[in-house]
Amino acid sequence: MAKIIVITSGKGGVGKTTSCASIGTGLAMLGHKTVLIDFDVGLRNLDLIMGCERRVVYDFINVIHGEASLKQALIRDKRVENLFILPASQTRDKDALTQEGVERVLKELSTDFDFILCDSPAGIEHGAHMAMFYADEAIVVTNPEVSSVRDSDRILGLLNSKTQRAIEGQEPIKEHLLLARYDVERVEEGEMLTLEDVCEILAIPVIGVVPESEAVLKASNQGVPVVHDQTTDAGQAYLDTVKRLLGEQVDLKFIHPEKRSFLSRVFGGGRR
């Protein structure tokens, strides 16, 4: 049976879809058959990040409403053999996601995959609720900003009260914190919350810290998850996150200022 993981946060623009794409790709690169589901009905960005937008014929809503089979709607990633994408619909309303339909699709996928990653829309409305309802684990993505952390705290409340595990009194969803867009220099200058600040507020284990990096935007624009390029700090951070998700002990990187030489301080040089 597959492990169902929701990638979530209350605030938009924090890096959920980017993180879903790279974590899912990393799992597949390490040999685990993985499917990514886009729950953001009406917007549909996961296929863009994955570089398969031109291959979308049928979508998640088509499958839920019996207009297509999973085999017809699933898109196999061209770069990683074990990776598939189930895109969202751009033309339907979020109410087209039904609890019964979502459950049926997840059960069918669970027989064939090791991991199911649910890319949640921003906010706490219907689509986000559907994305988290059947989850076994949750990766809560936040930025080191007060508003982002506050919204993530609201999501933790929903994970502990409005999901199937909470309602049925099962073992609680295993929660992980992924801190994205972390800029150590701005943290040092007091412009951003520290990792310790965020952990104290949210009180869940850290699974990864992804530094602010131009490589993320560049990779997204190219339709290639940044985890493919581990010469970049962000790519390495996402691969480390995947390894921790799988139970490996990997030290956190990118949380302390770099020790740079005199020449690099004089002539600069940004992150890749």
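**Exercise 1. Describe the surroundings of threonine 25 in this predicted model.**

Solution. Start with the position: threonine 25 belongs to helix α1. Next, take its accessibility. Buried means under 20% relative accessible area. Threonine 25 has a relative accessibility of 0%, so the residue counts as buried. Then look for a polar partner of the side chain: one of its polar atoms lies 2.7 Å from the backbone oxygen of alanine 21. Last, list the contacts, leaving out residues up to four places away in sequence: threonine 25 touches Met50, Val80, Leu83, Pro225, Val227 and His228.

**Exercise 2. Determine which residues of helix α11 are buried and which are exposed, and where the buried ones pack.**

Solution. Helix α11 spans residues 214-222, and its buried residues are Ala215, Val216, Ala219 and Ser220. These cover an arc of only 130 degrees around the axis, so they sit on the same side of α11. The other side of α11 carries the exposed residues Glu214, Leu217, Lys218, Asn221 and Gln222. For the packing, follow the buried residues outward: they pack against α1 (16-29), α2 (46-49) and α12 (233-245).

**Exercise 3. Examine the two ends of α11.**

Solution. At the start of the helix, the backbone nitrogen of alanine 215 has a side-chain oxygen of serine 213 within 3.1 Å. After the helix comes glycine 223, with a positive phi near 70 degrees.

**Exercise 4. Classify the aromatic pair of phenylalanine 84 and phenylalanine 113, and place both residues in the chain.**

Solution. A pair of aromatic rings is described by the distance of the centres and the angle of the planes. The structure holds 3 aromatic pairs. In the pair of phenylalanine 84 and phenylalanine 113, the centres are 5.5 Å apart and the planes stand at 85 degrees, so the pair is edge-to-face. The pair links distant parts of the chain, 29 residues apart: phenylalanine 84 is in strand β4 (residues 83-86), while phenylalanine 113 is in the loop between α5 (99-110) and β5 (115-119). Both phenylalanine 84 and phenylalanine 113 are buried. Finally, check the ring face of phenylalanine 113: lysine 33 lies over it, at 5.0 Å from the ring centre.

**Exercise 5. Work through the pair of phenylalanine 133 and tyrosine 134.**

Solution. The centre-to-centre distance is 4.8 Å and the angle between the planes is 85 degrees; this aromatic pair is edge-to-face. For accessibility, apply the limit of under 20% for buried residues. Phenylalanine 133 has a relative accessible area of 7% and is therefore buried. Tyrosine 134, at 9% relative accessibility, also counts as buried.

Notes. Residues numbered from 1 in each chain as written. Predicted model: local features only at pLDDT ≥ 70, side-chain atom pairs only at ≥ 80, totals over all residues. Heavy atoms only, no water. Buried < 20%, exposed > 50% of the residue type's maximum accessible area, 1.4 Å probe, protein only. Helix = DSSP H or I, 4+ residues; strand = E, 2+ residues; numbered from the N terminus. Arc of directions from axis to C-beta. Contact = heavy atoms within 4.5 Å. Polar contact = N/O pair within 3.5 Å; in protein donor to acceptor, adjacent residues only side chain to side chain. Phe/Tyr/Trp six-rings, centres within 6.5 Å; stacked < 30°, edge-to-face > 60°. Lys NZ or Arg CZ within 6 Å of the ring centre and 35° of its normal.
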